Amino acid sequence: MPHSMDAMSPHEEYSRRLESRRSNAARHDRSHRRLGNMRLLVAIAAAALAWLALAQGSISGWWLLAPVGIFIVLAVAHDRVLRARKACERAAAYYERALARLDNRWMGAGETGDRFNDPSHPYAHDLDLFGSGSLFELLSAARTSIGEEVLAGWLRAPSPFDTLRERQAAVAELRGMLDLREDLAVLGEDLRSGVHPEALAAWGERAPLLKSRAARATAVFLTLGAIAGAVVWAVWGVRVPFFLVVLAEAGFMLLLRRHVARVIQDVEAAAHELELLSLVLVRLEREQFSSPRLAALRAALDTHGRPPSHRLSRLRTLADLIDSRDNVVVRAIGPFVLYSVHLAYAVEAWRRESGPAVRRWTMAVGEMEALSSLAGYAYEHPADPFPELESGGPCFKGEGLGHPFLPEDRAVRNDVTLDGGVRVLVVSGSNMSGKSTLLRTVGVNAVLAQAGAPVRAARLRISPLQPAASIRVTDSLHAGSSRFYAEITRLRQIVDLTSGPLPVLFFLDEFLHGTNSHDRRIGAEAIVRGLVERGAIGFLTTHDLALAHIADVLAPRAANVHFEDRLENGKLHFDYRMRPGIVTKSNALELMRSVGLEV
């Protein structure tokens with residue numbers, strides 16, 4: 001009886017598929033052992049027949065062809081079984097990682113995207129976009145560096161809303177396509193190794209090094225002449241024509257040697273990288289999509305109506321022929337028939353016809369992998385909705401907001417509204433009460449919304465916004481800057497962003513706590529007022545209740561909210577619920593006493 005994905009939870013479906021892939025891997029492993037034993041028996045039988053043929057002379061040596069043929073057939077079948085077993089093992093590992101995400105055991109087990117972490121980025125480090133236990137690690141299922149770069153780009157910068165609507169439709173279509181997403185995740189044994197999209201595209205678009213038709217015709221003429229000269233030598237014993245042609249070939253090669261060597265060297269690297277992409281491209285050729293963005297990506301694969309599998313097959317053949325130059329026979333006759341020259345011209349012909357499509361192929365693969373990553377996240381969190389995208393003034397209205405990193409049984413959800421009315425929330429509260437987590441919850445959901453993914457909320461309405469944060473700013477011994485100087489430098493960056501095309505959504509945690517109370521109050525009020533007047537919306541958290549009065553100064557455009565705690569039996573308890581107004585108590589002394597300090 002077939003299984004219905006719609007009737008199963010993601011955990012149940014992943015578990016079923018994991019068991020199936022493990023079962024298939026075990027079945028292929030048994031076949032591997034049987035075929036290995038059969039190959040050994042055939043080899044022993046062939047050795048016995050050979051011994052009999054040589055020792056007794058009563059058995060014809062032609063009988064050896066039968067075991068040799070059987071051995072070759074078994075070897076081919078064995079190779080297929082081994083590849084199938086590896087594919088099943090990779091699929092099983094894929095579902096093991098998927099279940100780990102659902103069980104909140106994913107941190108530190110995936111690709112972290114550390115190379116995308118830029119300390120000068122206005123929010124990547126503060127909102128944990130990259131690194132171990134990051135949003136990138138939670139989302140990414142990309143196997144190529146191109147897919148990782150596309151996904152990282154979506155997280156680092158908001159996308160236009162027209163693009164986001166297309167992305168949402170694409171993610172919604174891919175969400176239920178588990179077979180396709182599995183194939184994209186497990187194709188090839190080492191598909192993650194470094195494909196450099198820009199270098200690959202530049203190779204495809206580079207001007208030809210060998211473009212003279214006269215030179216190519218000359219190469220053909222000299223090759224035919226060498227073959228004819230060899231025939232004359234072999235039949236009539238006349239060697240002069242052959243050596244004259246060889247002498248002409250030597251002069252011809254002196255003229256082309258540098259260009260031929262460059263073409264051969266470049267295509268060897270390019271063919272390897274395109275081989276890594278070709279498996280994904282060929283798999284995508286089999287799909288037909290209904291959403292506009294996926295249909296456009298699928299159409300981008302074809303060149304003059306021909307799919308990339310046909311063109312890449314031709315390039316792989318040329319790469320195999322180039323590798324065959326190490327063959328003893330090719331080494332012997334290659335110089336006389338200008339083997340490398342003809343291959344170089346064939347490569348240049350392929351590049352002229354198909355090279356301009358390489359950029360489209362790489363970008364299509366990268367975007368498809370990024371969309372597949374978001375689709376996997378959407379499938380694993382079926383209750384998470386896509387945000388409602390609104391034009392107009394700055395707006396962030398979230399109902400039941402939660403942090404995507406927290407498991408559902410631990411997440412405490414809050415409602416948050418920032419719009420043309422209240423533009424700033426001043427968040428007060430005691431240590432560990434949830435202030436910083438609130439900022440990261442809003443920030444990460446804003447990033448997800450403007451990347452094209454579902455959000456961890458009951459509902460979210462959002463306008464185009466530019467996130468910017470000062471949450472995890474630290475001093476730098478190497479740069480010789482204090483924590484306070486690093487913070488005001490980030491504040492300058494946030495203010496500068498208000499001159500950009502999007503309203504800023506700012507997050508200021510423990511605002512200006514590196515200076516005295518007097519300067520802090522004056523500076524904080526001026527900076528927040530300036531941000532609001534420049535069209536920004538956002539949050540600031542503080543332990544200093546004097547700063548909470550900023551909301552009174554900026555009312556009705558600002559409001560106070562707070563988090564509370566309670567002390568029971570010597571232990572602090574937090575409910576992480578955001579409440580209106582200013583917090584009325586502090587837990588600092590209780591925390592000091594809880595760790596044994598006498599205060």
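**Entry 1: the chain as a whole**

Among contacts between residues at least 6 apart in sequence, what share joins residues at least 24 apart? I looked this up to begin with, and the answer for this chain is 77%. A note to myself before going on: this is a predicted model. I then went through the secondary structure and found 19 helices and 12 strands. The chain has 599 residues, and buried ones make up 46% of them.

**Entry 2: helix 4 against helix 14**

Next I turned to a pair of helices. Two packed helices are described by the angle between their axes and the distance between the axes. For helix 4 (residues 145-156) and helix 14 (residues 357-380), I noted axes that come within 7 Å and cross at roughly 60°. I also wrote down the hand of this crossing, which is right-handed.

Which residues meet here? From helix 4 I listed Ile146, Gly147, Val150, Leu151 and Trp154. Their partners in helix 14 are Thr362, Met363, Gly366, Glu367, Glu369, Ala370, Leu371, Ser373 and Leu374. Sorted by character, the residues of this contact come out as 8 nonpolar, 4 polar and 2 charged.

**Entry 3: salt bridges that involve these helices**

How many salt bridges does the structure hold? I have 36 in my notes, and I picked a few to follow up.

Glu148 pairs with Arg115, with 2.9 Å between the closest N and O atoms. Glu148 belongs to helix 4 and Arg115 to the loop between helix 2 (65-102) and helix 3 (135-139), so this salt bridge ties together parts that are 33 residues apart in sequence. Is Glu148 buried or exposed? Glu148 counts as buried, at 3% relative accessibility. Arg115 has 49% relative accessibility and counts as partly exposed.

Helix 14 turned up again in my second pick, a salt bridge between Arg293 and Glu367. Here the closest N and O atoms are 2.7 Å apart. Since Arg293 sits in helix 10 (residues 292-301) and Glu367 in helix 14, the pair ties together parts that are 74 residues apart in sequence. Arg293 is partly exposed, at 25% relative accessible area, whereas Glu367 counts as buried at 15%. I was pleased to meet Glu367 twice, as this residue is also among those that meet helix 4.

**Entry 4: a salt bridge within one helix, and a network**

My third pick was Arg529 with Glu525, whose side chains meet in a salt bridge at 3.4 Å, N to O. Why does one helical turn matter for this pair? An α-helix has 3.6 residues a turn, so residues three or four places apart point the same way. Arg529 and Glu525 are 4 residues apart in helix 17 (residues 517-533), which means about one helical turn separates them. Arg529 is partly exposed at 28% relative accessible area, and Glu525 counts as partly exposed at 22%.

I also found salt bridges that share partners: they join Glu13, Arg16, Arg17, Arg21, Asp179 and Glu182 into one network.

**Entry 5: helix 11**

Helix 11 (residues 308-323) has 16 residues. I checked its reach from first C-alpha to last, and the 22 Å I got is close to the 22 Å expected at 1.5 Å a residue. Its buried residues are Pro308, Ser309, Arg311, Leu312, Leu315, Leu318, Ala319 and Ile322.

**Entry 6: Glu510 in its loop**

Where does Glu510 lie? I found Glu510 in the loop between strand 7 (504-508) and helix 17. Glu510 is buried because its relative accessible area, 15%, is under the 20% cut-off. Leaving out residues up to four places away in sequence, I listed its contacts as Lys435, Glu487, Arg520, Thr541, Thr542 and His543.

**Entry 7: backbone points to flag**

I flagged a cis peptide bond between Ala555 and Pro556, with omega about 5°. Pro556 lies in the loop between helix 18 (550-554) and strand 9 (558-563).

I then looked up positive phi values outside glycine. Asn104 has phi near 60° and is found in the loop between helix 2 and helix 3. Asp128 has a positive phi of about 60° and also lies in the loop between helix 2 and helix 3. On accessibility, I noted Asn104 as partly exposed at 30% and Asp128 as buried at 19%.

Notes: Residues are numbered from 1 along each chain as its sequence is written. This is a predicted model: local features need pLDDT of at least 70, side-chain atom pairs count only at pLDDT 80 or more; totals for chains, interfaces and linings use all residues. Side-chain values use heavy atoms; hydrogens and water are left out. Axes are lines fitted to C-alpha atoms, for helices over the stretch in contact, and angles run from 0 to 180 degrees between N-to-C directions. Helices (H or I, at least four residues) and strands (E, at least two) are DSSP runs, numbered from the N terminus. A crossing is left-handed if the near helix is turned anticlockwise from the far one by less than a right angle, and right-handed if clockwise. Contact means heavy atoms within 4.5 Å. Ala, Val, Leu, Ile, Met, Phe, Trp, Tyr, Cys and Pro count as nonpolar, Asp, Glu, Lys and Arg as charged, and the others, Gly among them, as polar. A salt bridge is a side-chain nitrogen of Lys or Arg within 4 Å of a carboxyl oxygen of Asp or Glu. Buried means under 20% relative accessible area, exposed over 50%, partly exposed in between (1.4 Å probe, protein chains only). The expected span of a helix is 1.5 Å times one less than its number of residues.
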